[in-house]
Amino acid sequence: MDIIVCVKRVPDPEAPASLFRVDAAGQKLVPARSVPRLTSTYDESALEAALQLRDQHGGTITLLSLAGEDVSEWLQEALATGADEAILVRDADLAGGDSFATAEALASAIRRIGACDLVLCGRQASDTDAGIVGPALAEHLGLPSASVVRKVELQNGTLRLERAIEDGYEVLEIQPPAVLTITSELYQLRYATMANIMAASMKEVVVWTKADPGLQEVSSRIRQRRLYQPQERSECELVKADTPHEAAVALAQMLRARGVI
């Protein structure tokens, strides 16, 4: 089974808000130098799902990432978990778009890679939490898809999925090739072994740009007017009354005057 796993490098989602600022143009969030860059949490789960499928059925795993800067070193670290190869689409113009543009750029890269049995993404990125890329990618590729998949198995050539829903999970069957977005309930990325670390150090990350054949210009659908950090404000007004009943009445009148109730 040949699997492509889309992965994204993001600022540590556990970093405190005080270590981020909005740039002068009000268009993007800028993390401090001290904030580590990590693999998006759900993308790690997607990679572990791919590794387990390959362990059971053989095949290859290709990591695919889109970035505006050179993240080859990070991709080599990801290769150390056991993936076979990594491709970086490095282009500031392509990487600067919204989730729809990202899906379009990744789709063109997947077409250039060639036929595969499965494309896996995290259910959402740890920085934007949008959850758009996976379904939009399936639309561009013309493949069936399922989102928020907590478990995936291959049985007699059919993908058997457990898809997380509000009060449990539902079971689906899909014929590959397909695009799935993976959640983290049952997939925690394994640690890199020494053998895989040594093997990864010998692998070269393939770098493409939009100048390479098969890749194309993309356009964003979302127009962001301004990004800003809201001003924190707290107010406290005490309700004074002689009895609890009078206090309740006074409180209700205050809330109604402010349009709360």
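**Backbone outliers, cores and a pocket**

Asn156 sits in the loop that joins E9 to strand E10 (158-165). In this predicted model, Asn156 adopts a positive phi of about 55° although it is not a glycine. Its side of the story is an open one: Asn156 is exposed, with a relative accessible area of 82%. Val148 likewise is not a glycine and has a positive phi of about 55°, but the place of this valine is within strand E9 (residues 145-155) itself. A further backbone feature worth a look is the cis peptide bond running from Pro176 to Pro177, where omega is near 5°. Pro177 belongs to the loop between strand E11 (168-174) and strand E12 (178-182).

Turning to the interior, the largest nonpolar core holds 36 residues, and those touching the most other members are Val5, Leu63, Leu118, Leu120, Val152 and Leu180. Helix H1 (residues 41-57) is the top contributor to this core, giving six residues. For Val5, contacts beyond four places in sequence include Asp43, Ala46, Leu47 and Ala50, together with Ile61, Thr62, Leu63, Leu64 and Leu120. Another core, of 25 residues, lies apart from this one and has Val89, Ala105, Leu137 and Leu215 among its members.

There is also empty space to explore. The second largest pocket encloses about 220 Å³. Its lining comprises 14 residues, with Thr39, Glu44, Glu77, Ala78 and Leu189 nearest the centre. Strand E5 (37-39), H1 and helix H2 (72-79) each contribute at least two residues to the lining of this pocket. Sorted by class, that lining consists of eight nonpolar, two polar and four charged residues.

Note on methods
Residues numbered from 1 in each chain as written. Predicted model: local features only at pLDDT ≥ 70, side-chain atom pairs only at ≥ 80, totals over all residues. Heavy atoms only, no water. Core = buried A, V, L, I, M, F, W, Y, C linked by side-chain atoms within 4.5 Å. Buried < 20%, exposed > 50% of the residue type's maximum accessible area, 1.4 Å probe, protein only. Helix = DSSP H or I, 4+ residues; strand = E, 2+ residues; numbered from the N terminus. Contact = heavy atoms within 4.5 Å. 1 Å grid on protein atoms, 1.4 Å probe; cavity = no way out; pocket = protein on both sides within 12 Å on 5 of 7 lines; lining within 4 Å. Points joined across faces, edges and corners; volume = space filled by probe spheres on them. Nonpolar A, V, L, I, M, F, W, Y, C, P; charged D, E, K, R; others polar.
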